[in-house]
Amino acid sequence: MAILLTGIKQLLTFKGGSLPRSGAAMHEIGLVKNGAVMISGGQICAAGPEKDVMRHPMAKKAESRRVGGVAMPAFVDSHTHAVFAEPRLKDFSMRLTGASYKEIKAAGGGIVSSIASIRKQEPCAMVEQLLERAHKFLDCGTGTIEVKSGYGLNLVSELKMLRAIKAAALKTPLEMVPTLLAAHSVPPEFKDDAERYLSYAIEKIMPAVVKEKLAVFADIFCEKGYFNPAQTMRYLDAARRFGLGSKAHTEQLSNSGGTLAAARSGAVSVDHADFINARDLKALKASGTIVTLLPASNHYLGIAKYPPVKTIMSAGIPVALATDFNPGTAPCWNMQFVLSLACLRMKMTPEEALTAATINGACALGLGGRLGTLEAGKQADIAVFDVGDYRELCYYFGDRLNRMTIKKGRVPRLK
Ligand code: NIG
Ligand code: FE
């Protein structure tokens, strides 16, 4: 039976199709006052002014649910490291004494310090832990997340992480898009030999992952002390040959050339972009790559300088926003907090930030045709918030104003 959501004070449709939004299109949120949405078979049949939706031929027989508040597409969080066994509290304490990212790495902390606990963790415990986190994402209005591997860094444990994502995805309404991040860091047993580890990742891990269809994307961390641009190209080109899409962590701590390499490999997104330059932007424009900004990591790392979003947007490049949820640089699953940071620290407008968190996030996962807007034919992934005006989502920071998250048309009971 069709379901009719009514009484929506502000409905944000982001009407305008499947493609990523850039420039002035990032201001078009498709605002409808007194809106309604009709859902059938997990899809949207109509979304717009209540009086128009009520005239739809299916409206009379539909089950009506008065939801109120502000409704919009559920957030698409296109960059997370949501599988990790333990929080990195030692790193946290070091950070509070003023230690930098590099100093924490030199002291044995950072990414490699998450390896041992992941390698030890039982697969079922990994799945349970991810399911608990999935609830938290849904509770914040997020309907889809990308989840990376990257703390196993050997064949057995990278497979274990990706299998856990697959198993958890069967048990939660939250949609999870898996990414193979075998090139997150060089694991200790390879003793800083990035070339040799990369060959192992490409020759041993990647084919096994592809054989089991465990990943949609491949990702690499291009940064001094991790992987260089030539290695980035090599890894992402191999990924393409294996039929995986590509993404890359680039220019997070310095400009190390990852963006150019990723753009040449046809990456769907480059993520972080703190130190992106004019040459990078030109390459991204040509390759049609999205820039995904992760301001929660700047916040957590205490980096005063945020990515140059205005320069990126002025170059006509679509921007997405994501949490980067991970134990070392962004222990945050709440997209609403990311919206606040985007506005307050990067001076994005609420309209730009919300576009970046919905349709552009969907496009950064290659899912713009199915997710990210509320238009007839799209999947009914809708977040409803307890506010009267959408700008309040960016304004009240630190809260979680989500009232319900509807996934594939399934309307949960009100909180
Ligand atoms: O996106 N930069 C590399 N990867 C993560 C950090 C992951 C970690 O520290 O565990 C990031 O910030
Ligand atoms: Fe990351």
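Helices and strands here are DSSP runs, numbered from the N terminus. Keep that in mind for the element names. One more thing up front: this is a predicted model.

I'll start with the largest pocket. About 280 Å³ of space lies in it. Its lining has 15 residues. Nearest the centre are Leu 138, Asp 139, Pro 173, Thr 405 and Pro 412.

Which elements each supply at least two residues of that lining? Helix α5, residues 123-139, and strand β15, residues 402-406. The largest share comes from β15, with five residues. By character, the lining divides into six nonpolar, six charged and three polar residues.

Now, where does this pocket sit relative to the domains? Domain 1 covers 3-73 plus 373-406, and domain 2 covers 76-363. Both give residues to the lining, so the pocket lies between them.

On to the metal. Ligand 2 is an iron ion, and four residues coordinate it. Three are histidines, through NE2: His 79, His 81 and His 249. Asp 324 joins them through OD. The distances run from 2.1 to 2.5 Å.

Along the chain, the donors of the iron ion follow the spacing H-x1-H-x167-H-x74-D. Take His 79 and His 249: they are 170 residues apart, so to speak, distant parts of the chain linked as a pair. His 79 is in the loop between β6, 75-77, and α2, 89-96. His 249 is in strand β10, residues 245-250.

Are these two buried or exposed? The cut-off for buried is under 20% relative accessible area. His 79 is at 0%, so it counts as buried. His 249, at 4%, is buried too.

Definitions and conventions: Residues numbered from 1 in each chain as written. Chains lettered and ligands numbered in written order. Predicted model: local features only at pLDDT ≥ 70, side-chain atom pairs only at ≥ 80, totals over all residues. Heavy atoms only, no water. 1 Å grid on protein atoms, 1.4 Å probe; cavity = no way out; pocket = protein on both sides within 12 Å on 5 of 7 lines; lining within 4 Å. Points joined across faces, edges and corners; volume = space filled by probe spheres on them. Helix = DSSP H or I, 4+ residues; strand = E, 2+ residues; numbered from the N terminus. Nonpolar A, V, L, I, M, F, W, Y, C, P; charged D, E, K, R; others polar. Domains from an automatic or database assignment. Donors = N, O, S within 2.8 Å, 3.2 Å for Na, K, Ca; no water. Buried < 20%, exposed > 50% of the residue type's maximum accessible area, 1.4 Å probe, protein only.
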